[in-house]
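The following exercises are to be worked through with the sequence and the three-dimensional model at hand. Each task is followed by a solution in steps.

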Amino acid sequence: MSETVIFHLSRCFAGFPGAVLHLSPSGRVIESNGRLERELGRVLIGERLSDVIDADSCGDKWARVLAAASSTG
């Protein structure tokens, strides 16, 4: 991965009961609190979130989110 990481997932999210992901501008998982990995049974760091989610149910929405994020800088 060639993207520079500036921010880090706060330690307060380690005990958060839901999944917390820090994503790069291109949608790759940079950091995680481990909740989603535990449910999926695999490591997500370095993966594109779009490759992990169900494209039929939320792929279009995720594409819009990434487009909006890249247009705002």
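**Exercise 1. Compare the expected span of helix α3 with the distance between its end C-alpha atoms.**

Solution. The coordinates come from a predicted model.
Step 1: Helix α3 covers residues 55-72, which is 18 residues.
Step 2: The expected span is 1.5 Å times one less than the number of residues, and for α3 this gives 26 Å.
Step 3: The end C-alpha atoms of α3 are 24 Å apart, which agrees with the expectation.

**Exercise 2. Describe the order of the secondary structure elements and the general character of the protein chain.**

Solution.
Step 1: The protein chain contains three helices and two strands.
Step 2: Read from the N terminus, these elements follow the order β-β-α-α-α.
Step 3: The protein chain has 73 residues, of which 21% count as buried.
Step 4: The accessible surface amounts to about 5,300 Å², and carbon and sulfur atoms hold 55% of this area.
Step 5: Among contacts with a separation of 6 or more, 16% join residues 24 or more positions apart.

**Exercise 3. Determine how β1 and β2 pair and what connects them.**

Solution.
Step 1: β1 and strand β2 (residues 29-32) pair in the antiparallel sense, over three bridges.
Step 2: In this pairing, Leu21 stands opposite Ser32 in β2.
Step 3: β1 and β2 form a hairpin, with five residues between them.
Step 4: Gly27, in the turn, has a positive phi of about 95 degrees.

**Exercise 4. Identify the buried residues of α3 and the elements against which they pack.**

Solution.
Step 1: Gly59, Trp62 and Leu66 are the buried residues of α3.
Step 2: These buried residues pack against β1 (21-23) and α2 (49-52).
Step 3: For Leu66, contacts beyond four places in sequence are made with Pro25, Ser26, Gly27 and Arg48.
Step 4: Leu66 and Ser26 are 40 residues apart along the chain, yet their C-alpha atoms are separated by 7.1 Å.

**Exercise 5. List the members of the largest nonpolar core and examine Leu49 and Val52.**

Solution.
Step 1: The largest nonpolar core has six residues, namely Val29, Leu44, Leu49, Val52, Trp62 and Leu66.
Step 2: α2 and α3 each supply at least two residues of this core.
Step 3: Leu49 lies in helix α2. Because buried means under 20% relative accessible area, Leu49 counts as buried at 10%.
Step 4: Beyond four places in sequence, Leu49 is in contact with Leu21, Leu23, Gly27 and Trp62. Leu49 and Trp62 are 13 residues apart in sequence, and their C-alpha atoms are 8.8 Å apart in space.
Step 5: With residues up to four places away again left out, Val52 touches Leu40, Arg42, Leu44 and Glu47.

**Exercise 6. Classify the geometry of the aromatic pair formed by Phe13 and Phe16, and state how exposed each residue is.**

Solution.
Step 1: A search of the whole structure finds one aromatic pair.
Step 2: This pair consists of Phe13 and Phe16, whose ring centres are 6.1 Å apart and whose planes make an angle of 80 degrees.
Step 3: Planes over 60 degrees apart count as edge-to-face, and the pair of Phe13 and Phe16 is therefore edge-to-face.
Step 4: Phe13 has a relative accessible area of 31% and is partly exposed. Phe16 is also partly exposed, with a relative accessible area of 40%.

How values were computed. Residues are numbered from 1 along each chain as its sequence is written. This is a predicted model: local features need pLDDT of at least 70, side-chain atom pairs count only at pLDDT 80 or more; totals for chains, interfaces and linings use all residues. Side-chain values use heavy atoms; hydrogens and water are left out. Helices (H or I, at least four residues) and strands (E, at least two) are DSSP runs, numbered from the N terminus. Buried means under 20% relative accessible area, exposed over 50%, partly exposed in between (1.4 Å probe, protein chains only). Contact means heavy atoms within 4.5 Å. Rings of Phe, Tyr and Trp (its six-membered ring) pair if their centres lie within 6.5 Å; planes under 30 degrees apart count as stacked, over 60 as edge-to-face and the rest as tilted. A nonpolar core is a set of buried Ala, Val, Leu, Ile, Met, Phe, Trp, Tyr and Cys residues joined through side-chain atoms within 4.5 Å. Accessible areas come from the Shrake-Rupley method with a 1.4 Å probe; for residues, only the protein chains shown count as cover. Two strands pair if DSSP finds at least two bridges between them.
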